[in-house]
Amino acid sequence: MNKIQETAKPNIGSIGDFVRFLLSEMKPKGKILTPFNMISIPVILVGMGLIVLRFVNGIGAITNLDQQTPWGIWIGFDVVCGVAFAGGAYTLTFIVYIMGRHRYHAIVRAVVLNGFLAYMFYAGALMLDLGRPWKIINPIIGNNFGVSSVLFLVAWHFLLYMAAEFIEFSPAIAEWLGMKRLRKIVGGLTIASVIFGITLSTLHQSGLGALFLMAESKIHPLWYTEFIPVLFFVSSIFSGLSMVIFEGSISHKVFAARLGHEQHANQDDIVIGLGRICAGAMFVYLFLKVLVVIHGQQFSLLGTKWGLWFLLEVVGFVLVPLVLYFKAVREGNVQLIKVAAGLTLIGILLNRLNISVIAFNWFDPTPYIPHWAEIWVTVTVVLLELWAVRWVVMRMPVLSDPPAWAADMDDN
Amino acid sequence: MDRRNFIKNLCVAGVTSAALPSLAEASGKPAETEFMSVLVDTTRCIGCRNCEVACATQNDLPIPKTTRDVFKEERDMTTDQWTVVNKYDTDAGEVFVKKQCMHCNQAACSTACLTQAMYKTEEGPVIWREGKCMGCRFCMVSCPFVVPRFEYYSANPKIQKCILCYDRVIEGEKPACVDACPVDALEFGFRRDMERVAQNRTFEYPGQYIDHIYGQEEVGGTGWMYLSGVPFDQLGFRTDLGRESVPALTQNFLYSVPVVFLLWPAFLNGMRYIKTNEDDEHTDKTHNDVASVETGRGPGEES
C-alpha cells in the first residue's frame, strides 16, 4: 500500500518531467519471467509477423475469406463479440451514476478501463480487416458522409464512445500523473460523459445487430429477425456484466497485491448483485427469443440440423445459465454465479458468431472455416490488450485506492 | 436542474445530433432523371460470349477466350471478369444467361456504404469510387445478388464489379455488352420503356415466355431485367428475395436512432435527478454520497 502511494506522487512541472516520468513508468514492474510472459511474447511476435504478411500480400494471404464470405472471425469475434463483452462499462455506469447504487462504485474504474481498452484494441483489429485502412478517416472527414449506412452510425459511435470512456477513466490518469487541476476538471465531466456513453452504447450495441438486417437472404431464418437490434442490445447488458464477473474473478487473483480496501470489503456482495441483474436481463432476452420463434412460426425448423444448433445456443447457453443465476443469487452462491457467467459468455460467443459467421451463408456447400492465422492474429490482439490492462493496473489507481488528495478533493 | 447541468445536456444533445443519419437519404430520394436499364431476353441468347469480351475490352480486364468448354460448369463473376454467361439445362433445353451487377433501383450496397464509395448514380448505374472506399466489404455483406468482388490478394485492394459502363452511359452511348450483342438479346433504354417492352413481349407471346419479368419487382426493382421461357429458379436465379427493397430492412432501425438520441439523455438525466433527490431524503446530511458521486468518486473513500 505505502509503496504504491509513494510511486503515485510524481512531481511534474515541465514536459521534460513528464517524458522522464513516462519513460520510468515504461519499465516493467514485477517479475519478467512469468508463465504469462513466456507464452504471450512468442505468440505476439509470430502474430506481428502474420500482420506484416497481411499488409504485404493482402487479406487473402492469411485468411480464408472469399467473395461469398466477406466477413470472418476478425469481424465476428473481434468486433461483434468483443463489443458485446465490453458492454459492462455502460451498464455499470448506469447502475452507479444514474441509479445511484454506490456499492458498485468500487469496480467502476476497472470496468471502464477494460471497456475502453477493449474498444481500442477491437477498433485496432478492425484496421487489419479493412482492405484500405488508410481511408478510415473518410467517413469522419466527410469523404463522404454515408449517412444512410448503419455502419456509418456504428463507426461514429465507436469513436465518440471511446472518447466518452476515456473521459470517464481520465480521473485515474490525472491521479497517476499527480495533476490536481486536471483531476478536478475531468472529475466534473464524469456525469455528462456517462449519459453520453450510455446513449451511444444503446445505439451502437443494437447497431452492430442492425448491420446484419440487410443480409436477410443470407442468414438462417432461425437467427434472422427484424428484432436483431433489440436482441443485441438486451444481450449486451448481461453479456457485459457476465464479463465483469468473469474478468473480476481473474483480476482479483492476478492483481491481489494492488487491491484497495474497498475491493476486499464487498466483492461477494457486488458479484451477487450483478448476478441478479444478469438473471433479469437474460429472462427478458429469452422471452424475446421465444417470441421471435413463435411469431415467425419456425417450429418446423427446430427439428433440422440447424434447429438443434439453435437449441444448443438458446437452451444450453441462455436458459441453463439463467436458471443457474437465479439459483445462485437465491442461495448467495458466488462460485455458482461465476459458472453461470462463464456459460453466459459462451452463449454470447455462439450467438454473435452464428449471426455473423456460422449461420451466415448457411446454404454454402463450402462453408468458411477460419484460417489458423486468423485465429492466431485474434489471440495476438487479445494478448496485447491484456498487456495494456496490466500496464495500466500496475501503475494507475484502478484496483488500488486513489491517492489521499484525490479523495479529499471529492469530499470537499 | 441547475444552469450548469442544462448547458451540459445541451452540449450532449448538440454533439449527438451531429452524428444522426439523414432519414431522407435512407429512404432513397426520388431521382431527377429516369434510370437507365437493360432488358435481357434469355430466349434469344446464343451463348456467343461477345458481351464478355466487350466488357473486358471496355474495362481493361483480361480478355476471356470464347471457347465453348467454359459452359461445362457454372461460373461466377471474379475480380477481373465483371460479367459471365452460363449455360443451363432446363425444361426448354439449353438456355444461356448473362450475369452481372443488377444495378438495383434502391441498391443495398450503396445504402450500406459508409463513405458513398459504392454509389447509385442518378442515371442508374451503381459505380465504385476508389478515393472513398475503405475496404470494409459491408457492400458485399448486404448485396442480395452477391455481386461486389474484393481483391483479397492485393495490398491496395479494390472492389470490382459491373458499373454499367457509366462513362459511356452519361455520353449517351449504350453499354459495351449491349453494343456487342449480335442477336438483340440485350436491349438498353430507360427503365420504364424496357419494362413496357418486356410486358408487351410476355403478353404477345405467352407460349414463348413465362409471365414473370425478373427484376421488375425483385428487391424493389432492378436495373437489369430478364425475360425467360422457363421458371427462373432453373436459370440459377434466387426467387425468394421478395419485392421489398433491401435498404427498407434497416429503415425502422434508422428511424429509431434520432428518437433514442434525443430522448435517452433527457430520460437518463431525469432518472438520475429523481434518484439523487431520493437519496438526499433518505441519507444523513453528514454522508456525502451525492456530492462524491457527482465528482466521480464513491462514498467511503475518506481515508
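**Notebook: a strand in chain B, then chain A**

I started at β9(B), where the bridge partner of Asp41(B) is Leu227(B). A note to self before going on: this is a predicted model, in which local features need pLDDT of at least 70, side-chain atom pairs count only at pLDDT 80 or more, and totals for chains, interfaces and linings use all residues. Residues are numbered from 1 along each chain as its sequence is written, while chains are lettered from A and ligands numbered from 1 in the order in which they are written.

**Entry 1: β1 of chain B**

I looked up the partners of β1(B), residues 36–41. Helices (H or I, at least four residues) and strands (E, at least two) are DSSP runs, numbered from the N terminus. Two strands pair if DSSP finds at least two bridges between them. With β9(B), residues 224–227, β1(B) runs parallel through 4 bridges. With β8(B), residues 186–190, β1(B) runs antiparallel through 5 bridges, and there Leu39(B) stands opposite Glu187(B).

Is β1(B) mostly covered or open? I found 6 of its 6 residues buried (20 or more other C-beta atoms within 10 Å of a residue's own; exposed means 12 or fewer, partly exposed in between, with C-beta atoms placed from the backbone). Met36(B), Val38(B) and Val40(B) point one way, and Ser37(B), Leu39(B) and Asp41(B) the other.

**Entry 2: chain A as a whole**

Next I turned to chain A, which has 18 helices and 0 strands. Its C-alpha atoms fill a box of roughly 65 × 55 × 45 Å along the principal axes. Of its 412 residues, 50% count as buried.

I then checked contacts (C-beta atoms, placed from the backbone, within 7 Å). Among those in chain A between residues at least 6 apart in sequence, 81% join residues at least 24 apart.

**Entry 3: helix α5 of chain A**

Why do I call α5(A), residues 88–98, largely enclosed by the rest of the structure? Because 11 of its 11 residues are buried, among them Tyr90(A), Phe94(A) and Tyr97(A). After α5(A) comes Gly100(A), with a positive phi near 70°.

**Entry 4: where the chains touch**

Last, I went to the contact, which takes 65 residues from chain A and 68 residues from chain B. Elements giving two or more residues to the chain A side include α3 (35–57), α5 and α8 (150–177). The largest share of that side, 10 residues, comes from α10(A). I noted its make-up as 37 nonpolar, 21 polar and 7 charged residues for the whole chain A side. Ala, Val, Leu, Ile, Met, Phe, Trp, Tyr, Cys and Pro count as nonpolar, Asp, Glu, Lys and Arg as charged, and the others, Gly among them, as polar.

Conventions: Contact = placed C-beta atoms within 7 Å.
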